[in-house]
Amino acid sequence: MDDTAPKDKSSVMKGARDIAKEAKRQAIKKVNKVVDRASDEYSSSRTYQRFQDEDDDYYSQPDGNYTGDHADDEEGSSDATEGHDEEDEIYEGEYQGIPSDAKARDEPMALGQLLADGLKDRRELEIERQADEEELAQQYELIIQECGHGRFQWQLFFTLGLALMSDGVEVFVVGFVLPSAETDMCVPDSSSGWLGSIVYLGMMVGAFFWGGMADKVGRRQCLLLCMSMNGFFAFLSSFMQGYGFFLFCRMIAGFGIGGAVPIVFSYFAEVLSREKRGEHLSWLCMFWMIGEIYASAMAWAIIPHYGWSFSMGSAYQFHSWRVFVVVCALPCVCAVVALTFMPESPRFYLEVWKHDEAWMILKQIHDTNMRARGQPEKVFTVNRIKIPKQSDDFVEMQTESGNLFSKVIFRIKTELHGIWLTFLKCFDYPVKDSTVKLAIVWLTLSFGYYGLSVWFPDVIKHLQANEYASKVQRHNNERIEDFTFNFTLENQIHTNSLFISNRFISMKFKSVTFINSTFQSCFFEDVTSVGSFFRNCTFIEAVFYNTDIDDSKLINTDVINSTFYHNKTGCQMTFEDDYSAYWVYFVNFLGTLAVLPGNIVSALLMDKIGRLSMLGFSMILSGISCFFLWFGTSESMMLGMLCLYNGLSISAWNSLDVVTVELYPTDRRGTGFGFCNALCKLAAVMGNLIFGSLVGISKAIPILLASSVLIGGGLVGLRLPDTRIKPFA
């Protein structure tokens, strides 16, 4: 008997394997049949009966209102529950996730479930999971259609719009604040430009990190965290007096706001039906441009007003540009407050098996919209939702022992490892080719857009500088004695001049240069010099009282028997002396206004002509429009070219956002979008450096470079898969 027992056991195990294999084949056939039937019925029927007639892999919300055979035959449902194998996973959870008779049924199923899954080939399990995901996508589309489009979507629209507006503000705050902050903090030329680069670096890392975290812990929670971080450190940066601390705060603020774009679009897309998605995501894009308009208008209204400032002694100065930084943090604060009243994405909850929570949010969406329509009596009829198979990924467990620090480090390592694994899935079938093409399109569009956005204003400033220099007044070999200067000297060059016993009182030197000149027995009191220098000059028995004339402005100059009293310390900010300050803000403001018509047109036509056509042809037309820059010989013509380029390129941005969010499935949507947005910020830094270095050198190189990059990216964009008719996985 002892000899036959092992043989019987082996024969039983062999029989079990055969039965499991046959069950697996039958299950795959059944799932494929359901998916095919779902695809055929999708366009003609919006009933959920076909999902309720199947017995495998569904979440049901029992409330005593089942429809069809399940409502009439309680005993049949119980028998099916008792006798189902590992392929028939009907989760009959009670309200708020409490399963009925769960303990009595889970234990006998656990061993069989584990054995059957262990016998399955991992590739076949993945095929089954993909089939489940496709069926869930079909059903989720029908559920969202039943929920309708109404008050809930509009509430979320404006809430997420504030978050997206904050990202647009953050991008342009850098450019507007950069000259003022570096002047106020006496930053040398060798360190200038770090502010723009460090903020984009923070946004690049933040986009990748927060996008990945949104796929793991949720859209709403991550968006709350990243927006709170941005708002706090942006507000704190306005009070930083040292350039190093200011850079650090702006970098952390950039790291926070970097997650806004990938999370906002993923979040909003998951509560929109297919026929509404393209149009309303395009309307949402408008908030980014509203943020740019807001930043331009506030910079134009606040920064040049030097009087909007206060000081606490000589150590603490709060100038108008700091007021501008505080004002620009307000949209972020409003977004955080509004987000606290919004729920998590139900599609994300379904992905992480929180089916009770997902059902409750879907019911909330339905009831909110129905009440707004005046139909509060309409009942949410969904009670069964498809449950995809979970992959058996290996998870390293942390022991209970260990201090708090080690647990925190372990948690951080685990989360980062999870983000990395999700990122690698973006290069798996079936999204591998799409990820590569998207990366090319994001890089090319960002490089051309941000590069030309820097080049346009700098070219206008260069044209202004040339015009200003052409009007310079030159004075040679003059002799002035016993005269009082109490007015502003501007845009002048004095060569080989002699000043004897003159008084310079309460006056300004603005872009004035003295060359080989002599000042003998002169008195300087309350003098401010902006862009003015003394080259190879000589001061004899001169007195300086409360002036900003120091060694940086005395170049190769001899100072003999002269005294300095109460010299002004720090860098003097006088925005009224910057002849181009108002004009630069005004140029950005007009360039942003030119985007609004393109935004409206792209939103209305997104679902009619298709995302890919709009993306490809918009980039190609933007590249062609660059050639008109050859004719930009004046400020007004360059401004016209800027408006034309911005109006054409905005359609490409809107369609690219829609295509990106629709191409990736739910489990990697935030990660994929975050990766693409990180590439966007990298290309922005490259564009700023390359195009900025070409200002005043040559028109041909920037024009040809931008045109070739945009046209090439547009051709690649036309090769992306069409997502207009694709179910939202």
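Helix pairs whose axes make an angle over 145 degrees count as roughly antiparallel. Keep that cut-off in mind as you go round this model, which is a predicted one.

**Stop 1: α12 and α13**

Select residues 274-302 for α12 and 320-328 for α13. The two axes come within 10 Å and cross at roughly 155 degrees, so α12 and α13 are roughly antiparallel to each other. Their crossing is right-handed.

Now show side chains. On the α12 side, pick Tyr294, Ala295, Met298, Ala299 and Ile302; they meet Ser320, Val323, Phe324, Val327 and Cys328 of α13. Colour this contact by class and you get 9 nonpolar residues, 1 polar and no charged ones.

**Stop 2: α9 and α10**

Next, go to α9, residues 219-237, and add α10, residues 243-257. Here the axes come within 7 Å and cross at roughly 160 degrees, which makes α9 roughly antiparallel to α10. This time the crossing is left-handed.

To see the contact, select Cys226, Met227, Met229, Asn230, Phe233, Ala234, Leu236 and Ser237 on α9, then Phe246, Cys249, Arg250, Ile252, Ala253, Phe255, Gly256 and Ile257 on α10. By class that gives 12 nonpolar residues, 3 polar and 1 charged.

**Stop 3: α9 again, now with α14**

Keep α9 on screen, hide α10 and bring in α14, residues 330-339. The axes of α9 and α14 come within 9 Å and cross at roughly 150 degrees, so these helices too are roughly antiparallel to each other. α9 passes α14 in a left-handed crossing.

From α9, select Arg220, Leu223, Leu224, Met227, Ser228, Asn230 and Gly231. Their partners in α14 are Cys332, Ala335, Val336 and Leu339. The tally for this contact is 7 nonpolar, 3 polar and 1 charged. Met227 and Asn230 should look familiar: both are in the contact with α10 and in the one with α14.

**Stop 4: the second largest cavity**

Time to look for empty space. The structure holds 4 cavities of 30 Å³ or more. Start with the second largest, which has a volume of about 80 Å³.

Which residues line the second largest cavity? Select Ser166, Val169, Glu170, Val173, Asn230, Gly231, Ala234, Arg250, Val325, Cys328, Ala329 and Cys332. α7, α9 and α13 each give two or more residues to this lining, and α7 gives the most, with 4. The classes come out as 7 nonpolar, 3 polar and 2 charged.

Several names here come from earlier stops. Asn230 and Arg250 are in the α9 and α10 contact, Gly231 and Cys332 are in the α9 and α14 contact, and Cys328 is among the α13 residues that meet α12.

**Stop 5: the largest cavity**

Finish at the largest cavity, with about 200 Å³ of space. It is lined by 17 residues; to centre your view, select Asp167, Val261, Trp288, Trp653 and Asp657, which lie nearest its centre.

Then widen the selection to the helices around it: α7 (151-184), α11 (260-269), α12 (274-302), α18 (432-470), α22 (635-663) and α23 (669-693) each supply at least two lining residues.

Which helix gives the most to the lining of the largest cavity? That would be α22, with 4 residues. Colour the lining by class before you leave: 12 nonpolar residues, 2 polar and 3 charged.

Note on methods. Residues numbered from 1 in each chain as written. Predicted model: local features only at pLDDT ≥ 70, side-chain atom pairs only at ≥ 80, totals over all residues. Heavy atoms only, no water. Axes fitted to C-alpha atoms, helices over the stretch in contact; angles between N-to-C directions. Parallel < 35°, antiparallel > 145°, perpendicular 65-115°, else oblique. Left-handed = near helix turned anticlockwise from the far one by under 90°. Contact = heavy atoms within 4.5 Å. Nonpolar A, V, L, I, M, F, W, Y, C, P; charged D, E, K, R; others polar. 1 Å grid on protein atoms, 1.4 Å probe; cavity = no way out; pocket = protein on both sides within 12 Å on 5 of 7 lines; lining within 4 Å. Points joined across faces, edges and corners; volume = space filled by probe spheres on them.
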